[in-house]
Amino acid sequence: MKRTSLITLGLFTATLVLAIACSAPEPTKTPAPRSQSEIDSKRGRPIISTVGDALRFDRAELRETNQASIKLTFVNASKIYQHNWVLVKAGTKDAVASAGAAAGAENGWIPAGDDRILAHSGLLDPGETEVVSFSAPFVGTYQFVCTFPGHAATMFGNL
Ligand SMILES: [Cu+2]
């Protein structure tokens with residue numbers, strides 16, 4: 001009889017512990033952001049960077065809901081290459097990059113007065129950062145590209 005009581009008590013205790021464990025509130029999980037870029041994006045400020053000395057941007061897609069006033073931070077994280085960030089109408093990035101190559105270094109590889117271009121940074125030296133302020137004329141998808149000769153094949157994305 002005594003042994004049965006002990007087992008019953010043990011079971012009761014185990015059940016109680018389990019019940020407490022289950023009812024304990026889950027700790028609030030805040031996953032650590034992966035990069036500075038992501039932290040700033042969560043604050044609602046779009047940011048894009050090049051990836052070291054690779055000829056690419058750190059993201060292929062940017063999203064922005066504040067159409068009227070966009071402040072995009074462009075970071076040239078390369079130690080050797082110059083880059084720019086040029087926002088163009090959808091489907092025109094390759095044509096604009098070709099026109100940029102023809103425009104020459106003295107124009108930052110950006111064709112002047114080109115109505116396919118909606119906004120752009122200057123040509124940034126290695127390690128430079130620029131905030132590009134602009135408004136998007138319509139809600140939809142745009143392309144962005146680096147028009148430095150030879151970079152457009154891998155440095156582009158959608159906004
Ligand atoms: Cu580039």
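**Group meeting: strands, sheet and core of a predicted model**

Let me begin with one strand pair: β1 and β2 run parallel to each other and are joined over 3 bridges. Within this pair, Ile47 lies opposite Thr73 of β2. I should state at once that this is a predicted model.

The pair belongs to an open sheet of 3 strands, ordered β1-β2-β5, in which the pairing is mixed. β1 and β5, the latter spanning 129–134, are at the edges with a single partner strand each, so one side of each has no neighbour in the sheet. From one strand to the next, the twist averages 20 degrees.

To place this sheet in context, the protein has 3 helices and 7 strands. Along the sequence they follow the pattern α-α-β-β-β-α-β-β-β-β. Of contacts between residues at least 6 apart in sequence, 68% link residues at least 24 apart.

I turn now to the interior. Of the 159 residues, 26% are buried. The largest nonpolar core contains 27 residues, and those with the most contacts inside it are Phe74, Trp85, Val86, Val88, Phe144 and Val145. At least two residues of this core come from each of β1 (47–49), β2 (70–75), β3 (86–89), α3 (93–103) and β6 (142–145). In soluble globular proteins, nonpolar side chains tend to be buried together.

Which residues does Val145 contact, leaving aside its neighbours within four places in sequence? They are Val86, Val88, Lys93, Val96, Ala97, Ala152, Met155 and Phe156.

Terms used. Residues are numbered from 1 along each chain as its sequence is written. This is a predicted model: local features need pLDDT of at least 70, side-chain atom pairs count only at pLDDT 80 or more; totals for chains, interfaces and linings use all residues. A nonpolar core is a set of buried Ala, Val, Leu, Ile, Met, Phe, Trp, Tyr and Cys residues joined through C-beta atoms within 7 Å. A residue is buried if 20 or more other C-beta atoms lie within 10 Å of its own, exposed if 12 or fewer, and partly exposed in between; C-beta atoms are placed from the backbone. Helices (H or I, at least four residues) and strands (E, at least two) are DSSP runs, numbered from the N terminus. Two residues are in contact if their C-beta atoms, placed from the backbone, lie within 7 Å. Two strands pair if DSSP finds at least two bridges between them. Axes are lines fitted to C-alpha atoms, for helices over the stretch in contact, and angles run from 0 to 180 degrees between N-to-C directions.
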